[in-house]
Structure formats: structure tokens, C-alpha cells
Amino acid sequence: MSITASDLVSLDELTEDEPRAVIRALAERLAAAGRAESADAVFDAAWAREEQSSTGMPGGFAIPHCRTAAVSEPTVAFARLPQPVAFDPDEPSDLVFFITVPESAGQEHLKILSTLATSLMDDAFVASLRSAQSPDHAVELLDSALGGRTRQQAEQPAPAPAHSAGASQSVVAVTACPTGIAHTYMAADALKQAAERLGIALQVETQGSSGSTPLERSAIAEASAVIFAADVDIRDKQRFAGKPVVAARVRRGINEPESLLREALAAADDPQAQTVDTDDAAAPHAADEKPESFGRKTQRVLMTGVSYMIPFVAAGGLLIALGFLLGGYNITDTAEDIAFGSTLWNLPSEAELPDPFHGFGALGGYLGAVFFVIGGAAMNFLVPALAGYIAYGMADRPGIAPGFTAGAVALSMDAGFIGGIVGGVLAGAVAAGFRQLDVPRWLAGLMPVVIIPLLATIVAAGSMVLFLGGPIAELTGALEAWLEGMTGSAAVVLGLILGLMMCVDLGGPVNKVAYSFAVAGLSGAVAAGADAPLMIMATVMAAGMVPPLGMALATFLDRRLFTRAEQENGKTAVLLGAAFISEGAIPFAAADPLRVLPASMLGGATTGALTMAFGVTSFAPHGGVFVPFAVESFPLFLIAVVCGAAVTALSVIALKRWARRAPAEAETPEMQLAAA
């Protein structure tokens, strides 16, 4: 069966004047032609997609599209409207292409559909459709466009276009949209055409529904900058770690491709330009690399869980700290009663506030209770989020629900952080296993949304309840008791170890393990009034501040040992270090790892040991010097940080003088980029 037919074409017949009505009319045409089981089902799916973002395009055409079980074959209906309809308020559309594909459409079908979207960038093709004299003529044009090129060809990253001899920079780009059928490929072609006009070497990766061919590592390495034109998360973004980046909505890639390319070139020449986050630099690269090892995969999925967990911890921890600031540290006794039993116009009475009360009046007590309750609710997502996104890292979206459920069970059984990891890994493994099954086509559409989440939840959460939760809870309790019993030299040794871990890779996996260990005990410590987890949190935060502050201090003490770019980065590192952003030292470590990392570890170990020895506690998981209200014994906290930063600065200066490299009087662009 052809992908389109004359009874699916309307030339100047539809009189509907709004997108919703046009889509419904085309859905009814599909049903009347026997291409859909239900016009309502097709319309509902297409309109749900349209509400995510408009499918109106520059040039006066729109491509509403959807996946639905109401169709069994990929189909294109076409309408040329007598009066343009505002799919895009800025540029109404008179040509409408309605693309529908089955829920379980194979890649070959989607390749054909995405080819249509790319063909619409051909002005001659669009002009021919606008002047078509009959439905048969329109079908002939559509068939010619769909058969003229394959999506497989379009998927290959384009070779560098011919460009002027003066062009010395290349750019790579990734395009993606929620459905991955239209906008993705149109943005890619618009960028390619603009690059040819500007004489820029450009390669594009389209992360569409028909799959994608990842950019080669060599292309990424040679690129001066990267463009992300996307309305969804970019897959494997860590491949571009450290590259100057310009990020925009996918529609801007279609509407303003030349502007995006010029911004990318400007970012390449700006040492202060935004770069792709390097937190996940250890994750797998493109498909031309060796298969991912078990150890690397384990690291990747654990770091996925941790990275998604941290926002819950940061928001919840800081809200709890604000609650203590306003309502006093014994607000925990009556927080729920005050928060839910009072209002802004009916503040708690003196008798309802904690006794003794250390807050700022009745209003402070009420707001403190509200912040504490909200923060506690956010912290309760810590273990479920960790487990859910570990499972997501292993099995993609079908793993999220089983992982969250297993994590919630671990939380309810007091299995804590360890239980969340075990539950997440179990849920992800089960969901990933079910994804590998070869099932009949009629069942494939139900697998990711019903069957896999249901069965993986039963296996993972059930195993936690029946077999694993109890023993893990006992192990967690024993660990907490051991931490509570640590005093004197044992606590100092723990602080030294945590300080080393925070500084060994500056935001990498080891750093994240130490940080996760600290935040895992924060929620329970607040509720139970335990000090040891709060001391660990303070130690980890203080040690993580040391590398950027130490390197900044070193650039101030002996500027001759550092390049000009490093001297400028030293100024920025002061703010980053003060805010507990260890990555502020990465430019220095990238340029001279054998001196910077050991010096950072020495300083971090010093700060960690001192913080534990001083007995400093922190109710906040992040913020550095900007959350003094959340850090008990804040002056001692600052003393520990300053001592560690001084050790780092003096150590790196000594190491650079002992085996000194010649200062770079004239820096190369590569050095400037690395330092930035």
C-alpha cells in the first residue's frame, strides 16, 4: 500500500480556520479512506503532540504528526488550504502534511517519513505542491520526493562542505525534537544549507525516531564548537564535554540557522563561553568505540542515579536549613502541626511553638515549619529518585517506574541509600531483560508502557519486601551506629579519607561517591537528631571547596607560574570554590594534572581532617560560604577551608618550581580552550 493516495489529498477544499479543526478534518479523511480505525483516536494522538509544541514551519507549511495504534501502516495525508491557518502564529501555514505511524512502526517506515520532512526544505518541491492541479499530481510529487532519497543517506553525518581557504574552524551539531520525525531533520538540513552559504565545515547528528548515526569521535575532537538544536535531552551529551556550546530550541535551528552558526563560531573564540558539562565525561562515546565494559557501564548507571538525585537533596537540604534558621533547631518537634494547623493570617500561638523557641517570632516559626516540612518531603524522594534513575540508566524509560517503586519500598523499610542502589539495579536489570524479548507485533506497543513496568515492579519491589529489604536495613542501621560512635582519631581519619575522595577527580565518579555517602545520611540525621552524618556533610562540602580556592590562591601568590588564561580562571575559581563547585579547578588540572591533583588532594585531606576534628556540622548539602546559617561553628568551618586552600596553593607552587615548565608567553588556541 502506498504511503499516500489521491483520496488522502485535499486541494483548496478545507475551510477550517484553526489547527485543531484542520487536524480533525484530516483524521476523518484518513478514517474515510480506510487508513485508520478511528478518526477520534488519530485526532487525540495528533492533538496531544501538537500541544507539546507547534508543528508550524517557516515557509508556510505545517507537519502535524503522531504515533497511534489506530493506524496499521505509515500514512501521509496532504491538504492545500485556501486560506492559511495559524499553526505558527508568526507564519500561518497553507500546506499541511499529516503524518501518522503505528505505535510499533519499524525504522524503515520512519526513514521514509523523515525523508518527507527533509524534502520540504527544497523550494522547488514546495512550489510544485502549491501549484499542483489535481490530487493525482500532488501524489506524484509526494511519491517522487519520498523515493528520491533515503533517510539512511540523510542520517550519515555530512562531509565537510567546500568552504573558503580562510575557514579554519569546524562545527558539529545535534538536532532532536519530541517525536523525532519532522523538526529534527528540517533543522539539520537548514543548518547544513546555512553552513554551505557561510563556508563553514559542519557535521550534524539527527537524533530522530528513525535512529541516528553518531558523529565520529574525530569530528567532535576537531570541532571548534557544538550546536544543540533540541526540545528534548541530547543523548550521550558527555561526548562533547568541554566544547563551547550554543543551545537552542529546534525551531530556531530551522528559522535562524545562520545566526546559530555565527554564535557557535563566536563561542569558539570566547574563553568564557559556556561549555558542555564535564560531570559525566566518563560515560560511553559514540558507536565507533569498543563495547562498553562492565565496570564502565556500572559506573555510568550509578552516576546517572546520583546526578538525578542531587537536585532533590540540594532543594530539600537547603529548605530544611532555612526552616532551622527561621524556626530554630527544635522546630522538628512541632513542624507538621504548625505547618498544617496554622496559616499566614492565623499564626501559631506561643503555646504551639517549641519550648524553648529559638526562632524569629510567630511568623518565623510558621515559615520555618513550612520550609522544614517541604524540605523533608523533597528529601523523601532521595532514595526513590536514586533507584529510579539507576534503573533508567540501565533500561531507559521502562525502568523508571519499577526503580522508583523499589526505591520507595527501600525507604519504607529503612534500607536507605544501599537499599536504593540494590533496588534500582534490580529493577533496571529486570526491565532491560524484558526489553530484549522478541514479542509479536501486536504486543510490542504494550511492552514499554504496561507490561515491562508491571512485571519489573513486581520482581524488584517484591524482592525488596520478601528477601532483601530486611537484611539491608540491618546493615544500614549498623553503619549508622558505627558512624555515631566515631570520635577522636577515628573521626579525623574518616575526614582525611573523605577529603581525599572529594579532590581526587574534581567532580568525577570518586567525588560523587563521597558526596552521595554524605547526603544519604542527611535526611535521617535531621529527623533523628544525629550529629555524625551532619559532620560528614560539613566535611565533604568543606573539602570540595578547597581545589578551586587553592588554585586561585596559587595564581595570586606566584603569577609567573601560570599562563594568562589560568590567571584569569583563578579569579573565577574564587567564586566557584566559595560556592562548593569543585569543577572550578578542572582547567588547571587539565593543563597540569600531575601537579594540580596531588596538591588538591593534600589540601582536601587537611580540610577534611580539621573539619571532623572541630566537630563542624552542616544541615545544607550545598552552598559553601553562602549558607552560613546552615553550618554550625561556621568560623571553624572557614578556618578548615582556608587551611586546606593554603596547603593546596603552597603545594602546587612548590611542585611547579621543582619541575617547572616554561611559561607559555604566546598561548595557542588549544591551550586557551583547555584553560577555559
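Which strands does helix α7 (residues 183-198) lie across, and at about what angle does it run to β8?

**Ground rules.** The model is predicted, so local features need pLDDT of at least 70, side-chain atom pairs count only at pLDDT 80 or more, and totals for chains, interfaces and linings use all residues. Residues are numbered from 1 along each chain as its sequence is written, and side-chain values use heavy atoms, with hydrogens and water left out.

**Exercise 1. Place helix α7.**

Step 1: get the elements straight. Helices (H or I, at least four residues) and strands (E, at least two) are DSSP runs, numbered from the N terminus.

Step 2: find what the helix touches. Helix α7 lies across β7 and β8, where contact means heavy atoms within 4.5 Å.

Step 3: read the angle. Helix α7 runs at about 175° to β8. Axes here are lines fitted to C-alpha atoms, for helices over the stretch in contact, and angles run from 0 to 180 degrees between N-to-C directions.

**Exercise 2. Work out the strand order and the pairing in the sheet that holds β7.**

Step 1: lay out the order. The sheet is open, with 4 strands in the order β8-β7-β9-β10 and parallel pairing; two strands pair if DSSP finds at least two bridges between them.

Step 2: mark the edges. β8 (201-206) and β10 (245-248) each pair on one side only. From one strand to the next, the twist averages 15°.

Step 3: check both neighbours of β7. Strand β7 (residues 170-176) is joined to β9 (residues 225-230) by 6 bridges, with alanine 173 opposite isoleucine 227. β7 also pairs with β8 over 6 bridges, again in the parallel sense, and there threonine 175 faces threonine 206.

Step 4: look at cover. In β8, 5 of the 6 residues are buried, meaning under 20% relative accessible area (exposed is over 50%, partly exposed in between; 1.4 Å probe, protein chains only).

**Exercise 3. Find where aspartate 396 and aspartate 414 lie, and say what is notable about the phi of each.**

Step 1: recall the background. Most residues other than glycine have a negative phi.

Step 2: take aspartate 396. Its phi is near 65°, a positive value. Aspartate 396 lies in the loop between α14 (382-395) and α15 (400-412), and is partly exposed, at 34% relative accessible area.

Step 3: take aspartate 414. Its phi is near 60°, positive too. Aspartate 414 lies in the loop between α15 and α16 (416-435), and is exposed, with a relative accessible area of 57%.
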